[in-house]
Amino acid sequence: MTFSLNDKVVYPGHGVALICKVFSRNVANQTITFFELQFQNKDMTIMVPQDKLEEVGVRPLSSSSKISSMLETIAKPAVRTKNFETYATNWNRRKKEYQSKLRTGSLEDISEIYRDLKYISKFKELSFGEKSLLLKTESLLAEEISAAEQVDEDKAIERLRSIFMQRVSNSVQL
């Protein structure tokens with residue numbers, strides 16, 4: 001994967017960033033090239049060594065076809081959970097799985113988390129941790145849709161929510 005100055009990329013768990021600077025530094029008698037990433041919706045900048053970009057999970061923005069695939073994932077029925085699995089005792093287990101998926105930075109994984117938490121929210125009130133994760137995944141997805149398709153982020157959020165609501169209204173009561 002090669003990236004260039006002014007490319008928009010996705011940094012796992014943090015969202016869309018712009019490569020605003022590429023520079024070299026001498027570290028331990030080695031010249032290392034760094035990419036400086038300025039996040040789109042955060043007052044945060046990080047430096048990532050060029051040879052660690054892939055290891056960290058930095059990836060290019062998704063294509064329109066990947067965005068469409070992600071939206072199809074959200075439109076699919078959620079992974080069915082037995083009623084008892086939606087309660088707090090199993091939240092810790094799901095949280096670990098979700099955090100692992102979030103760290104991958106995969107658009108598909110993030111959309112699955114979003115879909116599953118939206119599904120669970122229809123049957124019970126989400127805990128603080130679940131609500132926080134739902135909002136985070138919604139924000140990450142909307143940010144990428146917005147950057148990839150050059151639409152307003154509010155419109156991207158609206159699009160995510162409407163796809164989920166259409167699925168819920170079209171589905172048979174479970």
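Where is the place of Ala-28? Ala-28 sits in the loop between S2 and S3, and this loop is a good doorway into the structure. The model is predicted, so local features are taken at pLDDT of at least 70 and side-chain atom pairs at pLDDT 80 or more, while totals for chains, interfaces and linings use all residues. Residues are numbered from 1 along each chain as its sequence is written, and side-chain values use heavy atoms, with hydrogens and water left out.

Helices (H or I, at least four residues) and strands (E, at least two) are DSSP runs, numbered from the N terminus. The sheet comes first. Strands of a sheet pair through backbone hydrogen bonds, either parallel or antiparallel. Here, two strands pair if DSSP finds at least two bridges between them. The sheet is open and has five strands in the order S4-S3-S2-S1-S5, with antiparallel pairing. S4 and strand S5 (59-60) stand at the edges with a single partner strand each, so one side of each is left without a neighbour in the sheet.

Within this sheet, strand S2 (residues 15-27) and strand S3 (residues 30-39) run antiparallel and are joined by 10 bridges. Lys-21 stands opposite Glu-36 in S3. The hairpin of S2 and S3 has two residues between the strands. Ala-28 has a phi near 50°, a positive value in a residue other than glycine. Asn-29, also found in the loop between S2 and S3, has a positive phi of about 60° although it is not a glycine. Accessibility is described in three classes: buried means under 20% relative accessible area, exposed over 50%, and partly exposed in between (1.4 Å probe, protein chains only). Ala-28 counts as exposed because its relative accessibility is 69%, and Asn-29 is exposed with a relative accessible area of 77%.

On the other side of S3 in the strand order comes S4. Five bridges join S3 to strand S4 (residues 45-49), and the two run antiparallel. A hairpin of five residues links S3 to S4. Phe-34 stands opposite Pro-49 in S4, and Phe-35 has Val-48 of S4 as its bridge partner.

The helices come next. Two packed helices are described by the angle between their axes and the distance between the axes. Axes are lines fitted to C-alpha atoms, for helices over the stretch in contact, and angles run from 0 to 180 degrees between N-to-C directions. Angles under 35 degrees count as roughly parallel, over 145 as roughly antiparallel, 65 to 115 as roughly perpendicular and the rest as oblique. Contact means heavy atoms within 4.5 Å.

Helix H2 (residues 64-75) packs with helix H4 (residues 107-121) at an angle of about 25°, their axes 9 Å apart. That angle makes H2 roughly parallel to H4. The crossing of H2 and H4 is right-handed; a crossing is left-handed if the near helix is turned anticlockwise from the far one by less than a right angle, and right-handed if clockwise. H2 brings Lys-66, Ile-67, Ser-69, Met-70, Thr-73 and Ile-74 to the contact, and H4 brings Leu-107, Glu-108, Ser-111, Glu-112, Tyr-114 and Arg-115. By class, the contact of H2 with H4 has five nonpolar, three polar and four charged residues. In this grouping, Ala, Val, Leu, Ile, Met, Phe, Trp, Tyr, Cys and Pro count as nonpolar, Asp, Glu, Lys and Arg as charged, and the others, Gly among them, as polar.

H2 also packs with helix H5 (residues 128-149), at an angle of about 150° and with axes 10 Å apart. That makes H2 roughly antiparallel to H5. H2 passes H5 in a left-handed crossing. The contact involves Ser-64, Ile-67, Met-70, Leu-71 and Ile-74 of H2 together with Leu-141, Glu-144, Ile-145, Ala-148 and Glu-149 of H5. Its residues divide into seven nonpolar, one polar and two charged. H5 also links the helices to the sheet in this account: H5 lies across strand S1 (8-11), S2 and S5, running at about 85° to S2.

Two further residues complete the picture. Met-165 lies in helix H6 (residues 153-170) and counts as partly exposed, at 41% relative accessibility. Met-165 and Lys-118 are 47 residues apart in sequence and 9.6 Å apart in space, C-alpha to C-alpha. Arg-103, found in helix H3 (residues 88-104), counts as exposed at 59% relative accessibility. The C-alpha atoms of Arg-103 and Val-56 are separated by 9.0 Å, with the two residues 47 residues apart along the chain.
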